[in-house]
Amino acid sequence: MLNTTFFIEGNTPSKKNSRQIFAKGSKLINIPSKRYKEWHDQALKQLEGFGKLKPPYKIYMNFWMKDNRRADLDNKMASVLDLLQDAGIIEDDCWQKLELIQATSGGISKDCPRVKVEIHSSI
């Protein structure tokens, strides 16, 4: 069993609730917000050099928020899972690959919002 722990700096936005909708002819285009895209791009740079882990995964996340605004941990968790897939660290976050997922709050860290990610994988 391989354990990997790292921090992703920045206040993790919700991809689900941070959307922009544009009309292109008769079609609606739904894309992540500029705020989410900026966080995602910056976080991808922080994850450069991490290798791909093999499933099954157990993933633990501990979030420190920038302020006391209401936020759903499950939406933040989904943003991090998408990021881990985009970075090539995990193959997929489907139930067949993800044995366990846990999200907790570390409270408020005004000067250093972040998420601690701990992944246990078979290799």
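**Accessibility of a salt-bridge pair**

Arginine 69 has a relative accessible area of 68%; decide whether arginine 69 counts as buried or exposed, then treat its salt-bridge partner in the same way. The model is a predicted one.

Solution.
- Step 1. The cut-off for exposed is over 50% relative accessible area.
- Step 2. Arginine 69, at 68%, is therefore exposed.
- Step 3. The partner is aspartate 67, whose side chain meets that of arginine 69 in a salt bridge.
- Step 4. Aspartate 67 has a relative accessible area of 28%, so it is partly exposed.

**Testing the distance**

Which cut-off does the pair of aspartate 67 and arginine 69 have to meet to count as a salt bridge? Apply the cut-off to two further pairs as well, aspartate 72 with arginine 70 and glutamate 91 with lysine 97.

Solution.
- Step 1. Side chains of opposite charge can pair when their charged atoms come close.
- Step 2. The rule asks for a side-chain nitrogen of Lys or Arg within 4 Å of a carboxyl oxygen of Asp or Glu.
- Step 3. For aspartate 67 and arginine 69 the N to O distance is 3.4 Å, so the pair meets the rule.
- Step 4. In the pair of aspartate 72 and arginine 70, the closest N and O atoms are 3.1 Å apart, and this too is a salt bridge.
- Step 5. Glutamate 91 and lysine 97 form a salt bridge with their closest N and O atoms 2.9 Å apart.
- Step 6. By this rule the protein has six salt bridges in total, including the three treated here.

**Classifying the other partners**

Where do aspartate 72, arginine 70, glutamate 91 and lysine 97 fall on the scale of exposure?

Solution.
- Step 1. Arginine 70 has a relative accessible area of 73% and is exposed.
- Step 2. Its partner, aspartate 72, reaches 28% and counts as partly exposed.
- Step 3. Glutamate 91, with 39% relative accessibility, is partly exposed.
- Step 4. Lysine 97 has 22%; the cut-off for buried is under 20%, so lysine 97 is partly exposed.

**The overall fold**

How many helices and strands does the protein have, and in what pattern do they follow along the sequence?

Solution.
- Step 1. The protein contains two helices and six strands.
- Step 2. Along the sequence they give the pattern β-β-β-α-β-α-β-β.
- Step 3. The radius of gyration is 15 Å, close to the 14 Å given by the globule rule for 123 residues, so the protein is as compact as a globular protein of that length.
- Step 4. The C-alpha trace spans about 50 × 35 × 25 Å along the principal axes.
- Step 5. Of the 123 residues, 33% are buried.

**Two residues placed in the fold**

Locate threonine 4 and aspartate 41, and describe the surroundings of threonine 4.

Solution.
- Step 1. Threonine 4 lies in strand β1, residues 2-9.
- Step 2. Its relative accessible area is 14%, under the 20% cut-off, so threonine 4 is buried.
- Step 3. With neighbours within four places in sequence left aside, threonine 4 contacts Phe50, Leu53, Val117, Glu118 and Ile119.
- Step 4. Aspartate 41 belongs to helix α1, residues 34-46, and is partly exposed at 32% relative accessibility.
- Step 5. From aspartate 41 to serine 109 the separation is 68 residues in sequence and 22 Å from C-alpha to C-alpha.

Technical notes:
Residues numbered from 1 in each chain as written. Predicted model: local features only at pLDDT ≥ 70, side-chain atom pairs only at ≥ 80, totals over all residues. Heavy atoms only, no water. Buried < 20%, exposed > 50% of the residue type's maximum accessible area, 1.4 Å probe, protein only. Helix = DSSP H or I, 4+ residues; strand = E, 2+ residues; numbered from the N terminus. Rg over C-alpha atoms; globule rule 2.2 N^0.38 Å. Contact = heavy atoms within 4.5 Å.
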